Structure formats: C-alpha cells, structure tokens
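I opened the notebook to look up how charged side chains pair in this model and how the chain as a whole is laid out. The entries follow in the order in which I looked things up.

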Amino acid sequence: LIFSRLVLLVQDVSHPYEVIRKQLSSSLIVMSHLGIPPSKIVYVLNKVDLADQDLINKTIKNLDIPNSVQSSAMISAKTGTNIESLLKILELKLFDN
C-alpha cells in the first residue's frame with residue numbers, strides 16, 4: 001500500500017453512525033501505521049442508495065471526512081450512482097498530479 005499512488009477507503013454508509021465511526025477509525029489507524037499519507041486516500045462512501053442523505057451528510061461532517069471534489073465520492077456500486085464522479089476523481093488524482 002505504501003507504494004500505491006492512491007488508496008480507496010470504501011465505507012458502507014448504510015450502517016449506524018457508531019459502526020461507521022469505529023470502522024473508519026480502525027482503517028485510518030492502520031493506514032497511518034503503514035505510513036500512508038492522507039493525501040493518497042480517496043474516501044468512497046458506498047451504499048448511498050440505502051441511506052438517508054441527511055444522515056450521510058451528518059456522518060461526513062461529524063467524522064471529518066474530506067468533502068472536497070478530489071477527496072471523496074458518495075456512490076452506490078449496486079445502482080451505479082455517482083460512479084462517473086468517482087472515476088473523475090481517480091483520473092484527476094492519477095493523471096493531473
């Protein structure tokens with residue numbers, strides 16, 4: 001992972017807030033121990049089709065997930081929602097740097 005140009009941190013946002021918080025915290029601790037800088041992380045918030053949008057926005061705000069165009073994407077792998085946005089983020093991060 002430390003030699004990767006990008007790391008996709010995929011989080012299921014249909015879980016309750018406390019579960020998401022614990023999973024995200026554990027993942028970020030592991031990445032930190034591996035020496036992966038935050039600038040390499042793209043947060044992929046999956047299963048937006050199963051979660052309330054207001055709840056997702058509160059989760060992003062409360063967990064300090066970067067909500068910039070180049071740092072996170074809210075998708076549904078099942079329905080294809082926002083997959084193009086994720087691909088654009090990956091393209092920008094990989095080829096414009």
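**Entry 1: D12 and its partner.** I looked up D12 and, keeping in mind that this is a predicted model, I found a relative accessibility of 16% for it, which counts as buried because the cut-off is under 20%. I then asked which residue D12 forms a salt bridge with. The partner is K47, and the closest N and O atoms of the pair are 3.2 Å apart. D12 belongs to strand β1 while K47 sits in the loop between β2 and α2 (53-62), so the salt bridge ties together parts that lie 35 residues apart in sequence. Unlike the buried D12, K47 comes out as partly exposed, at 32% relative accessibility.

**Entry 2: the other salt bridge.** How many salt bridges does the structure hold? I noted two, and besides the pair just described I listed E18 with R21, whose closest N and O atoms are 2.8 Å apart. Both residues lie in helix α1, three residues apart, so about one helical turn separates them. E18 is partly exposed, with a relative accessible area of 39%, and R21 is likewise partly exposed, with 31%. I added a general remark for myself, that side chains of opposite charge can pair when their charged atoms come close.

**Entry 3: the strands around D12.** I went back to strand β1, residues 7-12, and found that six bridges join it to strand β2, residues 41-46, the two strands running parallel. Between β1 and β2 the chain passes through helix α1, residues 17-33, and I recorded this β-α-β crossover as right-handed. Within the pairing, I noted V44 in β2 as the bridge partner of V10.

**Entry 4: the whole chain.** I counted three helices and three strands, and from the N terminus on the elements run β-α-β-α-β-α. The radius of gyration is 13 Å, close to the 13 Å that the globule rule gives for 97 residues, so I wrote the protein down as being as compact as a globular protein of that length. Along the principal axes, the C-alpha atoms fill a box of roughly 35 × 30 × 20 Å.

**Entry 5: burial, contacts and surface.** Of the 97 residues, 35% are buried. Among contacts between residues at least 6 apart in sequence, I found that 65% join residues at least 24 apart. The accessible surface comes to about 6,100 Å², and carbon and sulfur atoms account for 56% of it.

How values were computed: Residues numbered from 1 in each chain as written. Predicted model: local features only at pLDDT ≥ 70, side-chain atom pairs only at ≥ 80, totals over all residues. Heavy atoms only, no water. Pairing = 2+ DSSP bridges. Helix = DSSP H or I, 4+ residues; strand = E, 2+ residues; numbered from the N terminus. Right-handed = clockwise from strand over helix to strand, strands pointing away. Salt bridge = Lys/Arg side-chain N within 4 Å of Asp/Glu carboxyl O. Buried < 20%, exposed > 50% of the residue type's maximum accessible area, 1.4 Å probe, protein only. Rg over C-alpha atoms; globule rule 2.2 N^0.38 Å. Contact = heavy atoms within 4.5 Å. Areas by Shrake-Rupley, 256 points an atom, 1.4 Å probe, with all protein chains shown as cover.
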